[in-house]
Amino acid sequence: MSELARLISEWPGLVSGPADHLVEDSLVLLEHLGDAKTLVDVGSGGGLPGLPLKIARPDIAVTLVEADSGKAAFLVQACARLGLTGVEVLAMRAEDVGHDARYRESFDVAVARALAPLPTLIELSLPLVRIGGKLLAQKTDKEEVGAAERALRLLGGSLDAVSPAPSTARATGTVVVISKTAATPAIYPRRPGVPARKPL
């Protein structure tokens, strides 16, 4: 983990805040992974939380979705430097990945940290989760969970829990646990940019 934190801190503009604290913050998701075999990190940025979870659970196949080509290049380099296998980096927008038959509704777990307000995060992430799988969203306190009810209903999700998950980086951190209970309608996610401009 310390080597990952060093790599993140040496790459300009990846994160705001101490990298070691952010790596530690990612690990609050470990207890929610269960027996997942496949995981997608949507809007991975500096590889958080996907890479710390991969290091802690090498048995899980991890896909990192990051539209920014510079950050995607970091992710490829970090995996090589850390000797990680079973990691795929997609330099694509989440809206496009969500309509790609190779990835749509194929993952046991989707994770997202600091990606977007919850309704947008759900639209970008839940289409990638198989029915019976979970979306784990790292948030602070009880941030806008109520505002996400419509998105959950439209996209085939249901709120399981909002679990306190404090860390050095986020004293009021929570994990929003969402179950995928029904197939996501084919129209979602909407065109690139629309989920952020017009949240459900």
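Helices and strands on this tour are DSSP runs, numbered from the N terminus. The model you have open is a predicted one.

**Stop 1: the loop with Pro49**

Select proline 49, which sits in the loop between strand S1 (38–42) and helix H3 (50–56). Now show the backbone just before it: leucine 48 and proline 49 are joined by a cis peptide bond, with omega at about 10°. Most peptide bonds are trans, and most residues other than glycine have a negative phi. Keep both habits in mind for the next two stops.

**Stop 2: Pro189**

Jump to the loop between strand S7 (173–180) and H8, where you will find proline 189. The peptide bond that leads from tyrosine 188 into proline 189 is cis, and its omega is near -5°.

**Stop 3: Glu105**

Next, select glutamate 105, in the loop between H5 and strand S4 (107–113). Check its backbone torsions: phi is positive, about 50°, although glutamate 105 is not a glycine.

**Stop 4: H1 against H2**

Colour helix H1 (residues 2–10) and helix H2 (residues 19–26); their axes come within 8 Å and cross at roughly 130°. That angle makes H1 oblique to H2, and the crossing is right-handed. To see who touches whom, show side chains for Leu4, Ala5, Ile8 and Ser9 on H1, and for Ala19, Asp20 and Val23 on H2. Sorted by class, this contact has 5 nonpolar residues, 1 polar and 1 charged.

**Stop 5: H1 against H4**

Keep H1 on screen and add helix H4 (residues 69–82). Here the axes lie 11 Å apart and the helices pack at an angle of about 145°. H1 passes H4 in a right-handed crossing. On the H1 side, pick Glu3, Leu4, Arg6, Leu7 and Ile8; on the H4 side, pick Phe74, Ala78, Arg81 and Leu82. The contact of H1 with H4 divides into 6 nonpolar and 3 charged residues, with no polar ones.

**Stop 6: the largest pocket**

Finish by switching on a surface. Which residues lie nearest the centre of the largest pocket? Select Gly43, Glu66, Arg113, Ala114 and Leu115, and you have them; the lining as a whole has 27 residues. The volume of this pocket is about 530 Å³. Then highlight helix H5 (94–97), helix H6 (118–125) and helix H8 (194–197), each of which supplies at least two residues of the lining. Colour the lining by class and you should count 15 nonpolar, 6 polar and 6 charged residues.

Key:
Residues numbered from 1 in each chain as written. Predicted model: local features only at pLDDT ≥ 70, side-chain atom pairs only at ≥ 80, totals over all residues. Heavy atoms only, no water. Axes fitted to C-alpha atoms, helices over the stretch in contact; angles between N-to-C directions. Helix = DSSP H or I, 4+ residues; strand = E, 2+ residues; numbered from the N terminus. Parallel < 35°, antiparallel > 145°, perpendicular 65-115°, else oblique. Left-handed = near helix turned anticlockwise from the far one by under 90°. Contact = heavy atoms within 4.5 Å. Nonpolar A, V, L, I, M, F, W, Y, C, P; charged D, E, K, R; others polar. 1 Å grid on protein atoms, 1.4 Å probe; cavity = no way out; pocket = protein on both sides within 12 Å on 5 of 7 lines; lining within 4 Å. Points joined across faces, edges and corners; volume = space filled by probe spheres on them.
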